[in-house]
Amino acid sequence: MERKNKRKNASSTAAAGSSSEAAMSEAIEPSSSAIRAIEKKPPLPLDSSSTQQVKQDVNKISQSMLIKLYNFCTRRPKANEELSVVVSMFGVHLNRRDTYTMKPKGCVSNMVILAAGKIIMEEEKETNGTVTRHIFSPQFMNKVKCDLNLSNEDSHKTWCIDDVSVFILPSKLGYEIYQCKLIFAPTLFEEHWSCYVLEPKDKTLYVLDSMRDTLSTSKKNLDDATKRRFEELLVLMSPGSTKENVSITLVYADVPRQKNIHDCGIYVLKYMEIWDGSVKWQDKTMPDYQYKEIALFRQSLLCGWVQHPKNEVREKILEAAGVWGKLS
């Protein structure tokens, strides 16, 4: 009887040991049946309110970091950091003195306009393989303005290729400028930014000015000189063109007015980015921006340039601003 009990206890112990080993084995490496059981379980429903809250929190953090980056790049530079570079790509550079002009109510610098134009053209080239919106640097219109200061006899001297080779030669640009749909010429005149836009196909020169009222005599002279110079450009750019068949029509585009005296440069940046002459916003060819929208443009443009993957000093600036790895 005692032996039977021992055998029974031994077999019970063995069975228990076997169960224990099986449980341990199952814990380490689940059996196929266990895996199938897990797979058959329906997924837990997502808590949409929680997901939405997470997204909102991420957006708040990102916006907070963007504001921090923008404030860092637009604070008044110290004397020893005015020339420190904040944006460097596509052969153009913006230093702290330039980015400071992108602060709220700041009057944007020539270099900001030049850099914006270069970035727009290079990104279009990378995306579409061609440039349809050519944007002259502000130096082009500086040349037109300088010609106005010459004597009456010399001011009507026709441009030759040597006068404008740096602006229009395919060997310098990488494409034929006359094949572009639009040619922009941002202009700083009497401390105010405006923009001329030539449509080569229709031989129309548009004047985009967010503060145009009655024309001053000096501005009217500039408009006439610009029209004449663009007619000369068409002769130089377009095969078969002559002085007799390149008459250009000057048109003052009906664009919305700026709400203050310091946002003209931002309006010009938006012209360069989206203006194409089409009436898309009620009876206007540009939206009627509110002040908050203009302020947001300043932030998004500058922060976008700093964060651009082609910006050679991107990591350095993001680290200095304390936002490296914190922007989604």
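## A tour from the sheet to the aromatic cluster

Begin by selecting helix H6 (residues 138-148) in this predicted model, and note that helix H6 lies across strand S4 (182-189) and strand S5 (192-199), running at about 65° to S4. Keep the strands in view and add helix H11 (residues 264-274), which packs on the sheet with contacts to S3, S4, S5 and S6, and whose direction makes about 20° with that of S5.

Next, show the sheet itself, which is open and has five strands in the order S3-S4-S5-S6-S7, with mixed pairing. Strand S3 (133-135) and strand S7 (249-252) stand at the edges with a single partner strand each, so one side of each is left without a neighbour in the sheet. Looking along the sheet, you will find neighbouring strands turned by 25° against each other on average, direction ignored.

For a detail of the pairing, select strand S6 (residues 204-208) together with S7: the two run parallel and are joined by four bridges. Within this stretch, leucine 205 stands opposite leucine 250 in S7.

Now turn to the aromatic side chains, for which a search of the whole structure finds nine pairs. Select phenylalanine 140 and phenylalanine 167, whose ring centres are 5.3 Å apart and whose planes stand at 85°, so the pair is edge-to-face. Because phenylalanine 140 lies in helix H6 and phenylalanine 167 in helix H8 (residues 161-168), the pair ties together parts that are 27 residues apart in sequence. Phenylalanine 140 counts as buried, at 1% relative accessibility, and phenylalanine 167 is also buried, with a relative accessible area of 12%.

Keep phenylalanine 140 selected and add phenylalanine 230, with which phenylalanine 140 forms a tilted aromatic pair, 5.7 Å centre to centre and with 55° between the planes. Phenylalanine 230 lies in helix H10 (residues 217-237) and phenylalanine 140 in helix H6, so this pair ties together parts that are 90 residues apart in sequence. At 0% relative accessibility, phenylalanine 230 counts as buried. To see the wider arrangement, extend the selection to Phe136, Phe140, Trp159, Phe167 and Phe230, which ring pairs link into a cluster.

Finish with two places where a lysine lies over a ring. Select lysine 103 and tyrosine 100, where the charged end of the lysine sits over the ring, 4.3 Å from its centre. Then return to helix H11 (residues 264-274) and select lysine 270 with phenylalanine 297: lysine 270 lies over the face of phenylalanine 297, at 4.1 Å from the ring centre.

Definitions and conventions
Residues are numbered from 1 along each chain as its sequence is written. This is a predicted model: local features need pLDDT of at least 70, side-chain atom pairs count only at pLDDT 80 or more; totals for chains, interfaces and linings use all residues. Side-chain values use heavy atoms; hydrogens and water are left out. Two strands pair if DSSP finds at least two bridges between them. Axes are lines fitted to C-alpha atoms, for helices over the stretch in contact, and angles run from 0 to 180 degrees between N-to-C directions. Contact means heavy atoms within 4.5 Å. Rings of Phe, Tyr and Trp (its six-membered ring) pair if their centres lie within 6.5 Å; planes under 30 degrees apart count as stacked, over 60 as edge-to-face and the rest as tilted. Buried means under 20% relative accessible area, exposed over 50%, partly exposed in between (1.4 Å probe, protein chains only). A charge sits over a ring if NZ of Lys or CZ of Arg is within 6 Å of the ring centre and within 35 degrees of the ring normal.
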